[in-house]
Structures are given as structure tokens and as C-alpha cells.
Amino acid sequence: MFKKTLLGTILASALGLPAVAQDAYVIGLTGALTGPPSSTYAPAVEGLRIYIDRVNASGGVNGKPIKLILEDDGAQPSKAAANTKKLITQDKAVLLVNASLSSTYAPMVAESKNAQVPLLFASGVCPQSVYPPADPLQFCTTGYAANYDSQAALDFVKANAKGAVKIGFAAMAIPLSRGEIDHAESLSKTMGMTPVDKEVIPPPTADYTPFATKLKDAGPNWVYSWAPWVTQVRTFEALRKLGWKDAMIAWAHLESETELPRLKDDRFYVIGANALFQDDLPVHKEIIEAAKKADSKYPPTMMTEGWIGGMAIEAALKAAGWPADAARIRNAMETMKLDTKGLRGSVIEWTKDNHFRTRLDYRVYRWDSAKSSIVRVQDWKSYAVK
Amino acid sequence: MFRPTPRASGYFRTTYAADAALVQTRTEKIFLLLFLIALAVLPFAAGPFILDLACQFLLASIGALSLMLLTGYAGQISLGHAGLIAAGAFTTGILARETGAPFWVTLPASALTGIVLGFLFGLPSLRLRGLYLAVSTLALHFIVVYLGGEYETKRGFSTGIVIEPPSFGGIALRDGRAWYFVLLAAAAACLLVCVNLLRSRSGRAWLAIHARETVAEALGIGIARYKLLAFVISSAMTSVAGCLFAYYRGFVSIEAFDLFLSIQYVAMIIIGGMGSLLGAILGAAFVVVFPYLIENAIRLLPNAQRLAGDIFAVNYAAFGVVMILFLLFEPLGLVGIWRRIQNYFLLWPFKQRPLAGGRT
Amino acid sequence: MQLVVNILVLASIYALIACGYVLIYRVSRVLNLAHGELMMLGAYLVLATASLFDQHPALALAAAVFLSLVSGGLVYVFLMRKMTGEMVLAAILTTVALGIFIKGMVVLIWSAQQQYPAQALGVSNPSLSIGVASISLWSAALVGVTASTYASLFVFLRFGRWGMRMRAAGQNPLLAAQRGINLHGIYALAWCLSTLTGACAGILMALDSGFTVNMPVIGLKAFPAALVGGLDSLGGALLGALIVASAEVLLIYYVDPLLSDVVPFLVLIAMLIVRPWGLFGTREELDRV
């Protein structure tokens, strides 16, 4: 084996392959920049990139620039696997970032484990392995989290409903969304609600009305959906077209801030872990300005997830010092506390066995036609993570 | 090796053994040897990224060879290739995950799945031709994918099934170089099977069916039997490729086998050149390497970082353009170009074959 | 009642898309797998024209429809013309490649986000109620457009001079060419009309509920409708769309919504086994493919 390696090294140097001498932190990201689900991930990646560019423009971290290498996987697992391999072996990335569909997790985790390079999930849903007890190599900053989201959403429904709750559910026919909605359905029973119907809708659907018809005929007075934005909003619109007048709560994806003013519906609630731009924090102004400067084709309101991911990367590198290898960055991440400047309800805190965060906060928003703007209907409500 | 005509300047074969030999002349032997040495040295010379690319290419070439057998030779169009790869991968994934079955169980099991599915995929071919056949394989693809998705959801593997690398005698196959040699052996075996099938009775029967079914039937060829045989053999090889894919990547997930994968395989045999095994291999290499070429070319542009989000859309569009260009201007594919170059040197200084004294 | 309306809307969507497949297949025996992408292109063209003709939604829509017609012609002139008389597979693959190209280009130009042409045009989508059922304005428009498209196509193919030529080219291209019919003109016309109807479907669906780059998949789902009815029969496409749409809507309501994804293809396989040329297709042509 040693001989082979030696031979390989000699040959490699003889062939003049690029030697590894880097004067920058190399971060490798693979994300769904194209492909069907890219509308959720591409803006986040754009936000992350703009954030890192800004860090570099102001002198980098510990005096060194961050070299962010973006690879597209089109939400395809095999492309994600190839990308990860390339990022690790050729680019020598010391930190991997995933911003893609959950189907890309398995191959990426496998590669990161092989090479012992830490992996940050920065806009896809957090996998089970970052919750306590966490996998040592995986971290997550993404806002949405299976099980907790439904708990928070149903808590809100319970607190705001008048009288008995008959609840309907809508999921997209992808394993993740179906699993969460199944969980929510059983949860609703324990909370004293009556689940009346559950629609699982295939991703490419010409017309949502047939699904909405069935949902409406079951007679719910609340509907909850935890699915990609398209499914949530199109189910809602189809329900409204059918003359359904009750309230719906859905997850506040990146799109919600541009979509609520379009829908203009007072009884469509969105629940989320990120502060919307409506709250007008100083950090929001920063994002808007940076996006304008970068001349981005995505609206700044869709960049929050990426921005937080960028913050986490910067903080991790700062704590790891220079020179930093994968192990040092991992160690630094394990004790990291990230102040999101108000983008989240509390500090993102990672511990040895919790790589998700110790506290999780939710805000609820809706459109208010009297004020003609988005309003906050529930301030940060905090949940402790196990 | 891929050409039916002898390579020597005349017909010098005196024994049956010589007639059946795959490598005929000394020059050919020498070149083959050099080629083998180059293949053996490659993993030690190349970086890990190139190695991964080579492994991807080897996997793709198995799939492309089996599709070439079916479409390029037997003339049966299939748009369900990704479904077959998925079937092989899922057989492996389910067996490995549910029963912990080792490599030497899952591989034959995958092949068996391929045989069964090949039979099912092949049944419509007895009734349908051309376009309608393509559509029926497409429908079967959707059904395989639906079943796989249901399995994932019902068992709670929403992010895909992770499987352990295969082990031989207690040693797990993890190293990229070891994988390279395993895949190389598999691809070579697949190629040999194809070459031998094609120069045997079944290969000639397929060619006859491809050319004209009625005539083939009049010649005493069992159309139904050979059509099904083509489907079964091709599907078995494809499923084995799926099994290897599952182990190589360490996971199985239904999203990895979408319609675009089928299209990519069809693109391989079109770009490579229909009706040629060499074409299948060249096409596989082209389709695997092409996106990386485009990507690197764009990265050389100034301000590439800003374009990052666009590179991939460009890549996608460029893939479409290249496919169109090949279909319009080089229907014989890469192998057509290769043969032209070969002929150029073969006939030099003539531009065309001289009328008298030429080989037939 | 609502179920009937749902079936009607879905069947109209499938029928309007399916007639694009039929038009091209009928005259040139080419299956256009880029139909879904061309349909999506129409919807994107509305976005482009909406910014061009600010405040004039009708003008913008007309311009987008006209541009789709032109783009269909361009596709034929620059691409499919060269594939005339080539292998079936090669022609199909050319359309596949075209689809890939279009998809890449629209992402490059408009990004992959969800788009709302209705918002860009400044038109609303109120819900109309008919008795106990309700239907949105643009869905109703879609039903209307489908009906009038089919009606005019029937009249055109039956009585129009060019319509007759199209039928002739479909029946026997060689003879038609020898009798002085300009085949390239006929084929180009088929591509124009097919892209036009596809784009209408895409635009109306997008006006109703927005769209993403995922839209071509819907085009593919409409394909079973065309095949069940018979790939070369317009009436068949209408009936096929009705069958597939009813199967889908009823299964969603009474059985399991998940089935709606595979059912069109199951219907298709059943049809291929029993009667591959479809309900109203021409039988002989199976051997000609």
C-alpha cells in the first residue's frame, strides 16, 4: 500500500497535478441551484455567497479570505455524491455545506464521514442526526425542523381556535413532507383536535382543485400544511376558490414574504423560525443593501437562511483560527454560539451532543388587509430541544 | 476488436481458433497490451477526482453497453433504462438493509430482478414497435419509481437507504482505486459478453430482426424468443450496473433515477454512435465528462464566482445543444468520426477506396 | 357537482395540451417530447411581454401567443426540418434535446422561482359560482379556449384548404408531396399550431395559479390522454383527456390521492396491451412507425 501511495505521489508530481498550497479557508457547497426544487435553495445559496463575499471584502476571517466553491447538484443524489467527492479530494474543502433536497443527504454524509470533514446543512431540512445525540460531523442552521414545527403550529391553532378544532392536512408526496404530516396527524389527536382529512399531493400537479375539493368536503375549520411552498399555497388558493372561508397555517418558507402580499388573505397564517423583513431589523437593512450591491436576481427577503448559514461559517472559522483543518473547525463548531442579530429568536447554540440548537423559537405572521401589510400575530414562542 | 472485418491486410486465418480470436494481429496485441497497462496505471497517476470520474464512466459504460445491445443491435427502443437501474439498486438496497445480505447475494439477486423485469419490459415489444414500445417502457419506468418511492416512505427512509460497502473476506471495499479495478473488471466482463453475444447466433438474429422482422421470421428466427432474450440480457446487465452503483455510492434513493437518467443513457448511445459497442463506450465517456468540461470552461471566465448560479443552467442548455448537433450533423456519432479518421490513415494517400484491389 | 366541474377543467387542460401532440404526430409521425417545455415557454413569454406592454394585459397576452406561434415555426425551420425522414428515435431525441435546451435557457433568463404572470399583467382571478360548484375565472377561460380550439381545428381540418393538405400529408406524405403539396410548409404549420395550442394551455394554467420550471412534467402527464385516444385523432385526444381526467379526479376523491400520479400511466399500459393504436387511432400505422 505504501509503495503504491509513493508511486502515486511520484507520478502525480511528474504529471504536474496541482500541488496543495492554499492561503484561504476552502468551503465546499453543493446545492440545488437548478432542478425542480431549486426555487427554495438557490436564493439561500445566493444569500450565503453574498455574505461570504462581504466577509472577504472586509478582510476575511483571521486575515485570510474564504474561498467558497459552489457546486450544483440539481437535487440529484448521485450528482451530490460526485460533487462532494470532488470538493473533498480536489478542492480540499475543510468544511462542507449542503443546501439541497433531503435525498442528497445520504451520499453526502457518507462522503463526509469517509474523509472526516464536517458538514453543515444550511437550507435543507435538518436531518435527524443533528438532534441529540448528534453525529459528531453534522451541524445544522436551517430554520425548519421536523416534529417541532408541527408542535408549534398546532399549539398556535389550539391557542387561537374558537371552539372545537376540526383540522385538515396537506402534504406533498415526498417522503419528508408525508412523514411530518403523519406525525402532525397523530399529534393533533393527542391535543384534542379532530383530524378530518389528509391530502398527499404529487409534486407535478396540473390542478389542485380535485384535492382541495376532497379536503373541503371533509369540513375542516383549520388546515395545516408542512410541504414545499408550492403545495402549501396552491392548496390554499384552490380551497379559497372553492369558497372555503376558514383559516390555514403553513410553514413560512423563503417565499412567504413576497407571497403574503400577493395572496392578501387575512386568514392565511405562516409560522417560521426566521424574523421576516417586516420586522425591519438593522440586519435586514444590511441584507437588502448587500443584495442590491451584488445585483442579485433573487429578492433579499429570500436570503435569510443563506445569511444565517454564512454567519455560522464565519463564526466557525473565526473560532478555529488559522491554519485550520477539518478537525479544528469541527471542534470549534461543537462549542459555538451564534448570535443571529435577531434573525432568529435566540442564539444558535451547539453543544457536544446537540448540533441542532438548544432552543427553537417560532413567530407567526399573516397579512392584514386593514393595515395593508404583513403583521406579526405571535412573537417568539420558545421550545427547548430535548 | 469492435469491427467485424479482419484487421490484417488480407485473410490469413487457417484455423478455427484463429477465426474465433478476438485479437488478431500482432500490432493489435501490442496496442491492447499498452491500453491495458495504461488502464492499470491510471488510478495511480490520477488524482482522486479523476478517479471518481473514471469510476462514474465505467458504471455508465455498463449501462450504455446493455442499452446498445437492446437498441443499437436488436432495434428495440427503451426509455425505461433508469427504471431498470433503479430496480437493481433497490434490490441491493432492500436486501442489504432488511436482511444484511452480503455482496455475493445481492449481486445475483439484482441480476434476477433484472431478468424478471426485462421479461416484463419485453412483453410489450411482441406487440408494439418503435414509438409505442418506447412509451410503454416509459410507463414501466414510472411504475418502478413509484414502487421504490412507496418503499422508502413506508419504511421511513426518507433521505434514502444507506448501505455499507461490500466486503471481500472481511476487507471492506472503500478505497477509490480498489473500486476502480472492480468496476473495470465488471465493465470488461460486460464488454466481452456483448462482443461474444453479437458474433454468435443470437447477435445475428438480433441484427436480422433489427433490419426487417418479416424477413427474419422467414429465415426461421423466433422473433418473440430473440426479442425477449435481448430484453432479458440487457436488463440483467443494467440491473447489475444498478447494484454496483448502489454499493459504489453507498446509498439508494429514488430521486437518483429520474427520467433524465434514461435520456442520458439514450444520449450516450446516440452521441457514441448507434450499432457499435465502441460507440457505447465513447458515448458514456462523453456524457460523463462533458458537464465537467463545460463547468471548467466557464470557471475560467472572469468573475466566475458571480456566475456560479448560472453555470449549471448553461451546462444544461449546452447538453441539449450538443445532443442536437450530434443528431443533426453527425448521426453516426463519435464512432463515425473515429472511423473517418481511421479510414483517412488507412487509405492515405487516397481520399476514397481505390476501385481495384481493395479489401471487401 | 363540483366533481363534474373538476373533471371538466382537468380534461380541458389535458385536451388542450394533447392536441399539440396529435397535430404534429398526425402530419409528421414525430412525437414531440419538448411539448411540455414549449408550453412552459409560452408562460415565460407572457412574463416578458407583460413588462413590455405595461398596463395592456390583452396586448401582452396576444403578443405572447403570437411569439409562441413564431417560436414553433422557428423550431421547425431550424431543427425539425433537418429531421424529416430520419429514424423515429432520432427525431424523438431531437425534441428531447430541445426540451433540455429550453429548460436550461429559461432558468438562465428567468431563474427557477415560482412565477405569477397574472400578477405581472395585473389581472385578477376571481372565483365564479355555477349553482353549487365554483370555478376560477381562468379555469373557465381554459375550458372555453379548449372548446373553441377543438371546434376551429375540426372545421379547419375538415373544410380548410390547408387543413385538407395537412390530412393528406398525414395519410401519405410521399404521394402528397408528389401531388404538389408543400410538405415543409405543412409540417411548419403543424409545429406552429401545436406550439400555439400548447402555449395557450401553459399561459392559462400559469394565469390561474402560477408556474415553475416544473411545468413540463404536466405536459408529460397529458401524453397518456393523447395516446389513449389515438395519437393521430383529435376527437380521440378529447375523449382520452376526458377518460384520464375522470379517472384521476374520481380516484383522488374516492380512493387515494397518491394514485393520481401513476394512474394515467396505468391506463396507458392497459391501452397499449389491449389496443395500442388508441380508441380512434388508425390501425395500419402501427406497422409504419
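**Exercise 1.** In this predicted model, determine how many of the residues of strand β2 of chain A are buried, and state which strand pairs with β2(A) and in what sense.

*Solution.* Begin with the extent of the element: strand β2 of chain A covers residues 66-72. A residue counts as buried if 20 or more other C-beta atoms lie within 10 Å of its own, and by this criterion five of the seven residues of β2(A) are buried, which leaves the strand mostly covered. Next, look for the pairing: strand β1 of chain A, residues 25-31, runs parallel to β2(A), and the two are joined over seven bridges. One residue pair can be located within this ladder, since L29(A) has L70(A) in β2(A) as its bridge partner.

**Exercise 2.** Describe the fold of chain A as a whole, and explain why it can be called as compact as a globular protein of its length.

*Solution.* First take the inventory of secondary structure, which for chain A amounts to twelve helices and 14 strands. The radius of gyration of chain A is 22 Å, whereas the globule rule gives 21 Å for 386 residues; the two values are close, and chain A is therefore as compact as a globular protein of that length. Then consider the dimensions along the principal axes, where the C-alpha atoms of chain A fill a box of roughly 75 × 45 × 40 Å. Turning to the interior, 58% of the 386 residues of chain A count as buried. Finally, of the contacts in chain A between residues at least 6 apart in sequence, 68% join residues at least 24 apart.

**Exercise 3.** Work out which elements of chain A contribute to the side that touches chain B, and which of them gives the largest share.

*Solution.* Start from the contact itself, in which 37 residues of chain A meet 27 residues of chain B. On the side of chain A, two or more residues come from each of α1 (2-14), α2 (38-57), β2, α3 (77-89), α4 (105-115) and α6 (175-190). The largest share, seven residues, belongs to α3(A). Sorted by class, this side of chain A holds 19 nonpolar, eleven polar and seven charged residues.

**Exercise 4.** Carry out the analogous analysis for the side of chain B that touches chain C, asking which element gives the largest share.

*Solution.* The contact draws 31 residues from chain B and 29 residues from chain C. The elements of chain B that give two or more residues to this side are α6 (130-155), α11 (259-272) and α13 (304-329). Of this side, α13(B) supplies the largest share, with twelve residues. The division by class yields 25 nonpolar, three polar and three charged residues on the side of chain B that touches chain C.

Terms used
Residues numbered from 1 in each chain as written. Chains lettered and ligands numbered in written order. Predicted model: local features only at pLDDT ≥ 70, side-chain atom pairs only at ≥ 80, totals over all residues. Contact = placed C-beta atoms within 7 Å. Helix = DSSP H or I, 4+ residues; strand = E, 2+ residues; numbered from the N terminus. Nonpolar A, V, L, I, M, F, W, Y, C, P; charged D, E, K, R; others polar. Buried ≥ 20, exposed ≤ 12 C-beta atoms within 10 Å, placed from the backbone. Pairing = 2+ DSSP bridges. Rg over C-alpha atoms; globule rule 2.2 N^0.38 Å.
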